[in-house]
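Trainee: I am new to this structure. Please take a close look at the salt bridges and explain them in one connected answer.

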Amino acid sequence: MIFSSIPFLYYFLPAVILLYFILPKKMANSVLLLASLFFYGYGEPNMLPVMVLTIAAAWGLGLAIPKHRSCFYLSAAICLGLLVWFKGGFAGNVLPAGISFYTFQILSYTIDLRRGKIKPQKSLQDFAMYVSMFPQLIAGPIVVYSSVEDRLDPQMRRTSSEDAYEGSCRFIFGLAKKVLLANNLGQFVSVFQGTAADERSVMFYWAYALAFSMQIYFDFSGYSDMAIGLGRIFGFSFPENFNYPFISKSITEFWRRWHMTLGGWFREYVYIPLGGNRVGRGRWIFNIFVVWALTGMWHGVNWTFLVWGLYFGLLLMAEKLWIGRLLDKLPGWAAHIYTIVLVLFSMVIFNGDTMADALCYIGAMFGFSGSGAAVPLINTISRYYIRSFGVLFIAGIIASMPVSKKLAEIKYAQQLKPAAVVILLLLVTAYLADGSFNPFLYFRF
């Protein structure tokens, strides 16, 4: 089950909210846990036992970790082993939805127990609810245990009318980003991929790179918005995951704004334990590449993901050592163009089936085709599709900038907010009821 579906919006979610608030407070965690297990099992019943058994093993071993170091290693080995088994393709094409996210949450709990930062969670129900909570189960944000530990006690959670209202608004705005923007941008990507190579132009390749970049941004950030909004409704404060990354003026800044919980997880549990930047230059470079190789492989074992991760590692290292000072001296617009161009290249690599395909696409963006023939700058087919989706591109660019947030904060906009939310929900409902294009990119991670 996904958030952008009629069954979730009009059957599952209203039923869960109703039960959560009308039943006694002491049953709140039971409601969320059972709802989360149903939510996951609805889409992947065969993979539900994998998640349940992983949770049970992590909880049981977690009780013993403070006194027995071997239990820490065993728990970590189980989580990492399952992740490698499924991500590495050893189980064929089988890949449990959200396994990268929920195993990282379990690992944060396990590592923090070993560090003595937290105490073992004695309630299996509460621990299982933390790991499997449906708002952030499939695609994050990654919520480390210590950040919600005090909220796992239902008596400590409070939801005010303002929380319910703002959480609902955040959810619907995120839903609109995913359905109205990401899905339609995805249609442009599909049109491009369905067009014969000899009918594409340089501008078509650049438009594809931009469309996919915005698609994955609105798809993933929209899902994060929905998760954060739902969390607020149920009394949780989930961390922000995106902060307008496309306004960045360096790759370093981009990664401070993009998928922030993943970056924070790797920094806390991999980069710093390796020594971070408090070591010699050679070891520091090694640490950078380890983190970014793992970041790439976190998405999958395809060579494109590994190269994508190492590509960013190389750029970040170059900015730290050489390019950063130059970027500081450049006009803001020039630094921004530098960043966006490099990000577009990264997204072409990320979405490539093979590195050969990705490099062919990047070459075509500069007019070079794999056959040696020149790629035309523009042609009739690409002109037609770029014009047809032109308004969508403009809407996506505006929505990816802080100006959209600033406009929403204007007094009159706040007064119109309830009406805007209702209109957006109706538009989304009509779109989904029509059975339109509705993929979810991060479901495979």
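Mentor: Glutamate 166 is a fair place to begin: at 22% relative accessibility it counts as partly exposed. Here buried means under 20% relative accessible area, exposed over 50%, and partly exposed in between, with a 1.4 Å probe and protein chains only. The model is predicted, so local features need pLDDT of at least 70 and side-chain atom pairs count only at pLDDT 80 or more, while totals for chains, interfaces and linings use all residues. Residues are numbered from 1 along each chain as its sequence is written, and side-chain values use heavy atoms, with hydrogens and water left out.

The partner of glutamate 166 is lysine 417; the closest N and O atoms of this salt bridge are 2.9 Å apart. Glutamate 166 belongs to helix H9 (residues 161–194) and lysine 417 to helix H20 (residues 411–433), so the pair ties together parts that are 251 residues apart in sequence. Helices are DSSP runs (H or I, at least four residues), numbered from the N terminus. Lysine 417 is buried, its relative accessible area being 13%.

A salt bridge is counted when a side-chain nitrogen of Lys or Arg lies within 4 Å of a carboxyl oxygen of Asp or Glu. In general, side chains of opposite charge can pair when their charged atoms come close. The structure holds 9 salt bridges.

Another of them joins glutamate 268 to arginine 115, with 2.8 Å between the closest N and O atoms. This pair also links distant parts of the chain: glutamate 268 is in helix H12 (residues 260–274) and arginine 115 in helix H5 (residues 99–115), 153 residues apart. Both partners are partly exposed, glutamate 268 with a relative accessible area of 30% and arginine 115 with 40%.

Arginine 257 and glutamate 253 also form a salt bridge, and their closest N and O atoms are 3.0 Å apart. These two residues sit 4 residues apart in helix H11 (residues 251–257), so about one helical turn separates them. Arginine 257 is buried, at 18% relative accessible area.

Some bridges share partners: Arg170, Lys177, Asp225 and Glu240 are joined into one network in this way.

To recap the pairs, lysine 417 with glutamate 166 connects H20 and H9, glutamate 268 with arginine 115 connects H12 and H5, and arginine 257 with glutamate 253 lies within H11.
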